[in-house]
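Colleague: Could you take me slowly through one part of this protein, the nonpolar core, and explain each term as you go?

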Amino acid sequence: MSGAMVADGLTVRYGRTTALDACSFAIPERTIVALVGPNGAGKSTLLHCATGLVRASDGTITVLGGPAGDPTLPQVGFVAQDAPLYLDFTAAELLTMGARLNRRFDLAFCRERLAGLAIPLDRRVGRLSGGQRAQVALCLALAKRPGLLLLDEPLAALDPLARREFLSALMDAVAAEPMTVIMSSHLVTDLERVCDHVMVLRAGRVSLLGRTDELVETHRMLIGPPQRRRPRIAGVERIVSASRAQRQIQLLVRTSGDVLHPEWDQHDVSLEDVVLAYLAECPVEPLLELEGAGA
């Protein structure tokens, strides 16, 4: 496999806790990937592995064609959760520090971008708003001119306007200089606007990875009556989730072709519908067996 980030059997354990469990995947280059999962799914651990901050217990991870860590770190930009910055520093002092620590740091780019956002360089970071601090953190990461940009829950503490401004700045940066971006977040509706790929992590494993448009196109909601026999629905590859009422059963399915069955009504789904179905904890088969239906 090749790609901007490639894992083969990647496993990370903290004592008796397994944070990542035999993950294998390839993130294509020059894509923007939404990394989605519940708390504790392994999202932050995965991003930390890509920077070399966390070592694999088993398996491997490569970044931009090389091992994660010191060899590739200059090509990786990373904004950790809550955009941690030195709050007593001014924005200008953070830019100076970034230029001294990173050989490829584009100081002129930072000054121009922050000026365009009306963020005062002489104000201490602790006195900036949450949205402004997030913009400073993003600017510092982009100034490295990274081939891979990792964003760990950058939108979590931002209000809707600040989220929109952050995503707009991110899209401008990607348009100006193509790179691969992996952004973890719970805000699927925001991610859908900017991301062309989605990866879903659940319980330390990759349960879904693909292009957003293809995932929406290959999933359908089927609604039909409870079945006395196990139904065979042509074109259904997998039942992802199921719910039931007294007079009907509702299935979110992954398709392998046209779904042709007179008893089932078909409905389009959103990316959020698909992601939530893969995040669901309850197994499908016991529900179908209880209802007397399956696939």
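Modeller: What follows is a close look at that core, with a few words on the chain around it. The model is a predicted one, in which local features need pLDDT of at least 70, side-chain atom pairs count only at pLDDT 80 or more, and totals for chains, interfaces and linings use all residues. Residues are numbered from 1 along each chain as its sequence is written, and side-chain values use heavy atoms, with hydrogens and water left out.

Buried residues, meaning those under 20% relative accessible area with a 1.4 Å probe and protein chains only, make up 47% of the 295 residues in the protein chain. A nonpolar core is a set of buried Ala, Val, Leu, Ile, Met, Phe, Trp, Tyr and Cys residues joined through side-chain atoms within 4.5 Å, and the largest one here holds 56 residues, with Leu 149 and Leu 151 having the most contacts inside it. The element that gives the most to this core is helix H4, residues 130-142, which supplies eight residues; helices here are DSSP runs (H or I) of at least four residues, numbered from the N terminus.

If we set aside neighbours within four places in sequence, Leu 149 is in contact with residues including Phe 78, Leu 138, Ala 141, Leu 142, Met 179 and Ile 182, where contact means heavy atoms within 4.5 Å. A second, separate core has 25 residues, among them Leu 20, Val 33, Ala 41 and Leu 150. Across the protein chain, 70% of the contacts with a separation of 6 or more are between residues 24 or more positions apart.

Conventions:
Buried means under 20% relative accessible area, exposed over 50%, partly exposed in between (1.4 Å probe, protein chains only). Helices (H or I, at least four residues) and strands (E, at least two) are DSSP runs, numbered from the N terminus.
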